[in-house]
Amino acid sequence: SVPTRKRKLSNAEYIYQIYLLNIRLGEIFVNKPKKYKDNYSDAIIKTALSALNHAQIADSIFLSKYSRPDEFEVREKNLILARGEVASIATESYIFLEIVRKHDYASQNDERLYCKLYDQEMEIGGMCETCYNLVSGVMKSDKEIYKKYIKPE
């Protein structure tokens, strides 16, 4: 057990947060109208799974002073893809939930449903922002290692 004051963010926290995002997206989208499943919810979930896949590929490459430039490039490419997919998830989810609100819940005049969709939009957006920032932090750290140890002269 490590005292709280000595704890720090895990180097793999970005993977765990993308993993949690995938779970939450599944929980949220499972209860949405089935008519949007193929075009929206399935596509968003596939993007989220792809982001997780790219993050795991990047994490499988450990950067150190003994790493080669091509290892850095592969890791960087996968982190860029994961980060871009996370940004896309936020946008696609917003679009999807707006369509559901306007076309499926508008006639019900139920304030609770509107609020629930807004809360879900905010939750997904917040989770995506966390993932995006964590991946960006890893990329920044990697660039420092690259400049210090790996960069060919």
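Leaving aside neighbours within four places in sequence, Tyr118 is in contact with Glu98 and Arg101, and this residue has its place in helix α4, which covers residues 111-150. The model is a predicted one, and its secondary structure comes to four helices and zero strands, so the protein is best read together with its radius of gyration of 19 Å, which is well over the 15 Å that the globule rule gives for 153 residues and marks the protein as more spread out than a compact globule. The points below take up Tyr118, the whole chain, the aromatic residues and three further positions.

**Tyr118 and its surroundings**

- Tyr118 counts as partly exposed, because its relative accessibility is 41% and the partly exposed class lies between the limits of under 20% for buried and over 50% for exposed.
- Between Tyr118 and Glu98 there are 8.9 Å in space, taken from C-alpha to C-alpha, while in sequence the two are 20 residues apart.

**Overall form and composition**

- Followed along the sequence, the elements of the protein give the pattern α-α-α-α.
- Taken along the principal axes, the box filled by the C-alpha atoms of the protein is roughly 65 × 40 × 20 Å.
- Of the 153 residues in the protein, 38% are buried, and the area that the protein exposes is about 9600 Å², with carbon and sulfur atoms supplying 53% of that area.
- When contacts between residues at least 6 apart in sequence are considered, 79% of them join residues that are at least 24 apart.
- The protein carries 24 positive and 22 negative charges, and the mean positions of these two sets are 5 Å apart.

**Aromatic residues**

- A search of the whole structure finds six aromatic pairs, and one of them is formed by Phe29 and Phe96, an edge-to-face pair with 5.0 Å from centre to centre and 90° between the planes.
- This pair links distant parts of the chain, since Phe29 belongs to helix α1 (residues 13-29) and Phe96 to helix α3 (residues 69-105), with their positions 67 residues apart in the sense that they are 67 residues apart.
- Phe29 counts as buried because its relative accessibility is 5%, and Phe96 counts as buried because its relative accessibility is 0%.
- Phe96 also forms an aromatic pair with Tyr36, again described as edge-to-face, for which the centres are 6.0 Å apart and the angle between the planes is 80°.
- Tyr36 lies in the loop between α1 and α2 (37-59), whereas Phe96 lies in helix α3, so the pair of Tyr36 and Phe96 ties together parts that are 60 residues apart in sequence.
- Both Tyr36 and Phe96 are buried, and these two residues, together with Phe29 and Tyr40, form one aromatic cluster.

**Positions in helix α2**

- Thr47 has its place in helix α2, where the residue is buried with a relative accessible area of 16%.
- With neighbours within four places in sequence left aside, the residues in contact with Thr47 are Glu85, Ser88, Ile89 and Glu92.
- Ala43 also lies in helix α2, but this residue counts as partly exposed, at 29% relative accessibility.
- Not counting residues up to four places away in sequence, Ala43 touches Asp38 and Glu92, and Glu92 is likewise among the residues in contact with Thr47.
- Ala43 and Asn53 are 10 residues apart in sequence, and their C-alpha atoms are 15 Å apart in space.

**A position in helix α1**

- Ile15 is found in helix α1 and counts as buried, because its relative accessibility is 13% and the buried class takes in values under 20%.
- Once residues up to four places away in sequence are excluded, Ile15 touches Leu52, Ala55, Gln56 and Asp59.
- Ile15 and Asn53 are 38 residues apart in sequence, yet the distance between them in space is 9.2 Å from C-alpha to C-alpha.

Conventions
Residues numbered from 1 in each chain as written. Predicted model: local features only at pLDDT ≥ 70, side-chain atom pairs only at ≥ 80, totals over all residues. Heavy atoms only, no water. Helix = DSSP H or I, 4+ residues; strand = E, 2+ residues; numbered from the N terminus. Rg over C-alpha atoms; globule rule 2.2 N^0.38 Å. Buried < 20%, exposed > 50% of the residue type's maximum accessible area, 1.4 Å probe, protein only. Contact = heavy atoms within 4.5 Å. Areas by Shrake-Rupley, 256 points an atom, 1.4 Å probe, with all protein chains shown as cover. Lys, Arg positive; Asp, Glu negative; His and termini not counted. Charge placed at Lys NZ, Arg CZ, Asp CG, Glu CD. Phe/Tyr/Trp six-rings, centres within 6.5 Å; stacked < 30°, edge-to-face > 60°.
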